[in-house]
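Subject: Structure handover

Hello,

Here is the structure I said I would pass on. My notes on the sheet and helices follow below it.

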Amino acid sequence: RQKSVKKPTPTVPMDKPKLVFLDPGHGGTQGGGAGSLGTPEKDLVLPITLRAAELLRAQGATIHLTRTTDTTVGLYDRGQLAHDTDSDLLISVHANALPDGRDPRGIRGPELYYTHPQAQPLAAALLAALRTGLPDLGPGTGLKPGADLALTRPTSQPSVLIETGYLTDPGNLRLLNSPAGQERLAQAIAAGVVAYYRGL
């Protein structure tokens with residue numbers, strides 16, 4: 001009997017077009033958090049998200065973005081844009097920070113927020129990719145289900161908010177501020193999306 005040859009799995013299975021909506025958190029008048037190096041969160045997450053968009057486009061996905069420059073986008077407009085573009089996924093990219101008065105020592109690593117069970121596989125795939133690609137970020141506290149956030153509540157598609165790392169942790173902050181660290185974060189986000197689609 002002839003042995004069947006296993007075909008290589010495409011990086012992103014293209015049985016149907018993949019429309020991914022990426023949201024670089026904050027922007028414009030919304031600076032977000034800022035660590036001791038002074039760079040606001042909005043300026044750290046933008047290059048990470050733009051690079052992740054590039055990587056996913058190279059795999060054949062169609063990408064929509066809330067912003068590509070330092071512009072202000074309304075919080076509720078972001079989810080509406082994802083709905084209006086009929087996107088399959090909504091991923092909002094952020095960097096975390098502890099409030100003043102909290103001891104930041106040992107609080108580091110990624111957290112993935114989602115509201116609805118439908119988003120759990122996406123959140124898990126992204127978390128696994130971040131932990132695999134950036135073990136130096138620290139494990140973080142991982143999955144945060146049942147989040148009551150404007151960007152995780154939409155139900156038009158699985159919606160996840162990524163807190164990549166902590167601006168209040170020196171190691172996480174250095175990584176978020178460095179071009180090499182931003183590249184690794186973008187690669188991990190793209191890898192997580194690919195892993196999610198492979199698992200469907």
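The expected span of a helix is 1.5 Å times one less than its number of residues. This is a predicted model, and helix H5 can be checked against that rule. H5 covers residues 179–198, which is 20 residues, so it should span 28 Å. The C-alpha atoms at its ends are 28 Å apart, in agreement with the expected value.

H5 also has a number of buried residues, among them Leu185, Ile189, Val193, Val194, Tyr196 and Tyr197. Gly181 and Gly192 are buried in H5 as well. What do the buried residues of H5 pack against? Their partners are three strands, E1 (19–24), E3 (89–96) and E6 (159–166), together with helices H1 (41–58), H3 (120–133) and H4 (170–177).

Now the sheet. It is open, has 6 strands in the order E2-E1-E3-E6-E4-E5, and its pairing is mixed. At the edges are E2 (62–65) and E5 (142–144), each of which pairs on one side only. On average, neighbouring strands are turned by 25° against each other, ignoring direction.

Strands of a sheet pair through backbone hydrogen bonds, in a parallel or an antiparallel sense. For E4 (residues 111–113) and E6 the sense is antiparallel, over 3 bridges. Tyrosine 113 has leucine 161 in E6 as its bridge partner.

Two further helices lie across strands of the sheet. H1 lies across E1, E2 and E3, and runs at about 165° to E1. H4 lies across E3 and E6, and its angle to E6 is about 110°.

Regards

Methods: Residues are numbered from 1 along each chain as its sequence is written. This is a predicted model: local features need pLDDT of at least 70, side-chain atom pairs count only at pLDDT 80 or more; totals for chains, interfaces and linings use all residues. Side-chain values use heavy atoms; hydrogens and water are left out. Helices (H or I, at least four residues) and strands (E, at least two) are DSSP runs, numbered from the N terminus. Buried means under 20% relative accessible area, exposed over 50%, partly exposed in between (1.4 Å probe, protein chains only). Contact means heavy atoms within 4.5 Å. Two strands pair if DSSP finds at least two bridges between them. Axes are lines fitted to C-alpha atoms, for helices over the stretch in contact, and angles run from 0 to 180 degrees between N-to-C directions.
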